[in-house]
Amino acid sequence: MSKLSRRQLITNGLVTVAGASGLAVAAKLAARHGLIPPDSGTLYGAGATLTYAAQRLLTRHTLAREFDRTQISKDPFANEVEPLGKEFERLQQGGFGEWRLTVDGMAARPASFSLADLRGFPSRSHITMIQCEEGWSYIAEWSGVPLAYLLDRVGALPQVRYVVYRSFQHGWWESIDMADALHPQTLVALGMNGADLPMPFGGPLRLRVARQLGYKNVKYLTRLTLTDSLKHFGKGLGSASPEFGYAWYAGI
C-alpha cells in the first residue's frame, strides 16, 4: 500500500469518526430541545424526526387557517361510532350532568371538572377545517376552553413534555407535546356550530387540536394526564400502535 493510499485511508477514517461524533452531538442537542418525536426508533423514525424537528423549529407558533362563517360545511362528516355502552347511555340520558374530565399526572393541583365547571371557564372559538387521514374533511366552528388554561389551572409542572388524553371509548387515547397543548387553537371543545357538541362528533367533550389530523382530535374526552415521558403508556392510536400505523406527529 502506498503512502498516498494510507494517507487517504487515515483521512477517510477521521472524517467518518468526525461525522459520527457530529451526529451524536446533533442528536444530543435535538433531544435537549425536544426535537425528537417518541416514534423516532421506528422504521420511518429518521424521516419522522426530520419532519417533526423542522415543524417545531419553523412553525411552532403558526396558526391553523381560520375560515369565514359562510364557509362552514352544510353537511359535516362524522365517522360511525360503535355503541358506547349502557354507562354512556345513562350519562347521556342525564344530560351528561355526571360527566367528568379528570386532569392528573405531573400537576401541582390535580382536579376533576364537570361540564358546568368547564362552561364557566374562559372560552375561545375558531372556524377551522378538520382533516382525516382517510381523506375526508369539513369546516366547522369549534368552541371550548383553551387547553392552556386548564394546564395553568392545575399547575402543570415545568418538566411536563406531553399531555396524554383518553376517551370514554375503551382503549382510545392519544398524546401531544407542549407546543400543541399550549397552542391558542387547541381546545377542550364543548360546542360545535353554535350548539352543544353533538354526540356523533364527540359530544359532550372532545379535544380539538386544530394543527393535527383527525385521529389526534379524540372524542368523548374523560382524562388528561401530564407526563414527561410516553414510555409507560403502552399502545395508543398513534405510532405506538402498529395495528393502526399512524405517525405520532400528525401536524398539518
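**Exercise 1. Classify the burial of Tyr138, Trp136 and Phe77.**

Solution. Tyr138 is buried, at a relative accessible area of 4%. The term buried denotes under 20% relative accessible area, exposed over 50%, and partly exposed the range in between (1.4 Å probe, protein chains only). Trp136, at 19%, is likewise buried. Phe77 has 38% relative accessibility and is therefore partly exposed. For the protein as a whole, 43% of the 252 residues are buried.

The structure is a predicted model, in which local features require pLDDT of at least 70 and side-chain atom pairs pLDDT 80 or more, while totals for chains, interfaces and linings use all residues. Residues are numbered from 1 along each chain as its sequence is written, and side-chain values rest on heavy atoms, without hydrogens and water.

**Exercise 2. Describe the ring pairs that involve Trp136.**

Solution. A pair of aromatic rings is described by the distance of the centres and the angle of the planes. Rings of Phe, Tyr and Trp (its six-membered ring) pair if their centres lie within 6.5 Å; planes under 30 degrees apart are stacked, over 60 edge-to-face, and the rest tilted. This rule yields 16 aromatic pairs. In one of them, Phe77 and Trp136 are tilted, with 5.2 Å between centres and 50 degrees between planes. Phe77 belongs to the loop between helix H2 (45-59) and helix H3 (86-93), and Trp136 to the loop between strand E3 (124-131) and strand E4 (137-146), so this pair ties together parts that are 59 residues apart in sequence. Helices (H or I, at least four residues) and strands (E, at least two) are DSSP runs, numbered from the N terminus. The rings of Trp136 and Tyr138 are stacked, because their planes meet at 10 degrees, with centres 5.8 Å apart. Ring pairs join Phe77, Trp136, Tyr138, Trp142 and Phe201 into a cluster.

**Exercise 3. Locate Arg223 and identify its surroundings.**

Solution. Among the 6 helices and 10 strands of the protein, strand E10 (residues 221-227) contains Arg223. Arg223 is partly exposed, with a relative accessible area of 31%. Leaving aside residues up to four places away in sequence, Arg223 touches Leu101, Thr102, Asp104, Val164, Tyr165 and Arg166, a contact being heavy atoms within 4.5 Å. Between Arg223 and Tyr165, the C-alpha to C-alpha distance is 5.6 Å, although 58 residues separate them in sequence. The side chains of Arg223 and Asp104 make a polar contact at 2.4 Å. Such a contact is a pair of N or O atoms within 3.5 Å; within protein, one must be able to donate a hydrogen and the other to accept it, and residues adjacent in sequence count only if both atoms are side-chain atoms.
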